[in-house]
Amino acid sequence: MRSSDDLPGNPWPHDMQVSVEECWPPLIYLLFVRSAWRLDIDAVPRLDSEPDPGSSHRPENLDVDAARRRWLSEWKRAWTHFDPPIFRVSTPDEMTQHLLDTLTDDELWKATSTWPSEFWGSGIDPDACERWRSSMAAPLGDLPENRVIPALAEAWRAGLSTVIQLPYLGSFALRINREHLVVSPTTRNDPDLYGRALES
């Protein structure tokens, strides 16, 4: 989001740019998997409503405990997409150098990607997942940010660049680093809750 008008009295600073990520696919996909496969993972908040799984089904003979561990590992890895960039030149550590020396480009991408692995694909209905993801986008012109511009501007001045909305149940807000704030739909659509989240 960026203002295109530099008019007197416009509360949106002309040079302010804040992105809103309403349904970043890797995180939404993993949340869909957790629901569709009925993986009890309490470390991640519950959803505001469970998605329609379509034809998704948990594979037979699945090691559920191993699947939970793998899910949490990939969930944690997906969040590294939002880690602040490191602007320095350094020599790769031993593990990174080993990957660079031994893997093809495709294998290297799979080993370092923040996207979920192919492990989940056999039991997931991609069309149902995409329908769920598509349902989360706010209508154009009806952005909640327009109702909290002063708080958003202050947060931007303090370093905020991206708001990440996830379909968590109830009020939720977490500043994961200087640049990124995670909120639930309940928080984002309530000006008071959203304003307090931006000020935190």
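Two strands pair if DSSP finds at least two bridges between them. Helices (H or I, at least four residues) and strands (E, at least two) are DSSP runs, numbered from the N terminus. With those two ideas in hand, let's work through some exercises.

The model is predicted, so to speak of a local feature we need pLDDT of at least 70, side-chain atom pairs count only at pLDDT 80 or more, and totals for chains, interfaces and linings use all residues. Residues are numbered from 1 along each chain as its sequence is written, and side-chain values use heavy atoms, with hydrogens and water left out.

**Exercise 1. Get an overview of the chain.**

Task: Find how many helices and strands the protein chain has, and give their order.

Solution:
- Step 1. Count the elements: the protein chain has eight helices and four strands.
- Step 2. Walk from the N terminus, and you meet β-α-α-α-α-α-α-β-β-β-α-α.
- Step 3. Check burial. Buried means under 20% relative accessible area, exposed over 50%, and partly exposed in between (1.4 Å probe, protein chains only). Of the 200 residues of the chain, 38% count as buried.

**Exercise 2. Build the sheet.**

Task: Work out the order of the four strands in the open sheet, and which ones are the edge strands.

Solution:
- Step 1. The order is β1-β2-β4-β3, and the pairing is mixed.
- Step 2. The edge strands are β1 (19-21) and β3 (173-177), since each pairs on one side only.
- Step 3. Now look at β4 (residues 180-183) and β3: they pair in the antiparallel sense over four bridges. A hairpin joins β3 to β4 through two residues. Here Asn 177 has His 180 as its bridge partner in β4, while Arg 175 has Leu 181.
- Step 4. Turn to β2 (residues 162-165), which pairs with β4 in the parallel sense over four bridges. Ile 164 has Val 182 as its bridge partner in β4.

**Exercise 3. Look at both faces of β4.**

Task: Are the residues on the two faces of β4 buried or exposed?

Solution:
- Step 1. Recall a general pattern: in a regular strand the side chains alternate between the two faces of the sheet.
- Step 2. Sort the residues: His 180 and Val 182 lie on one side, Leu 181 and Val 183 on the other.
- Step 3. Both faces are covered, and these four residues are all buried.

**Exercise 4. Explore the nonpolar cores.**

Task: Which residues of the largest nonpolar core touch the most other members?

Solution:
- Step 1. A nonpolar core is a set of buried Ala, Val, Leu, Ile, Met, Phe, Trp, Tyr and Cys residues joined through side-chain atoms within 4.5 Å. In soluble globular proteins, nonpolar side chains tend to be buried together.
- Step 2. The largest core has 31 residues, and Leu 31, Trp 71, Trp 75, Trp 79 and Leu 166 touch the most other members.
- Step 3. Helices α1, α2 (64-79) and α5 (126-134) each supply at least two residues of this core. The most come from α1, which gives seven.
- Step 4. A second, separate core of 16 residues includes Ile 149, Leu 152, Leu 181 and Val 183.

**Exercise 5. Study two buried polar residues.**

Task: Which side chains make polar contacts with the side chains of Ser 35 and Gln 165?

Solution:
- Step 1. A polar contact is a pair of N or O atoms within 3.5 Å; within protein, one must be able to donate a hydrogen and the other to accept it, and residues adjacent in sequence count only if both atoms are side-chain atoms.
- Step 2. Ser 35 sits in helix α1 (residues 25-36) and counts as buried because its relative accessibility is 15%. Its side chain makes a polar contact with the side chain of Glu 50 (2.4 Å).
- Step 3. Gln 165 is in strand β2 and is buried, with a relative accessible area of 6%. The side chain of Gln 165 makes a polar contact with the side chain of Arg 188 (3.0 Å).

**Exercise 6. Examine two positive phi values.**

Task: Where do Arg 38 and Asn 61 lie, and are they buried or exposed?

Solution:
- Step 1. Most residues other than glycine have a negative phi.
- Step 2. Arg 38, not a glycine, has a positive phi of about 55°, and the phi of Asn 61 is near 60°.
- Step 3. Arg 38 lies in the loop between α1 and α2, and Asn 61 is in the loop between α1 and α2 as well.
- Step 4. Arg 38 counts as exposed because its relative accessibility is 55%; Asn 61 counts as exposed at 80%.
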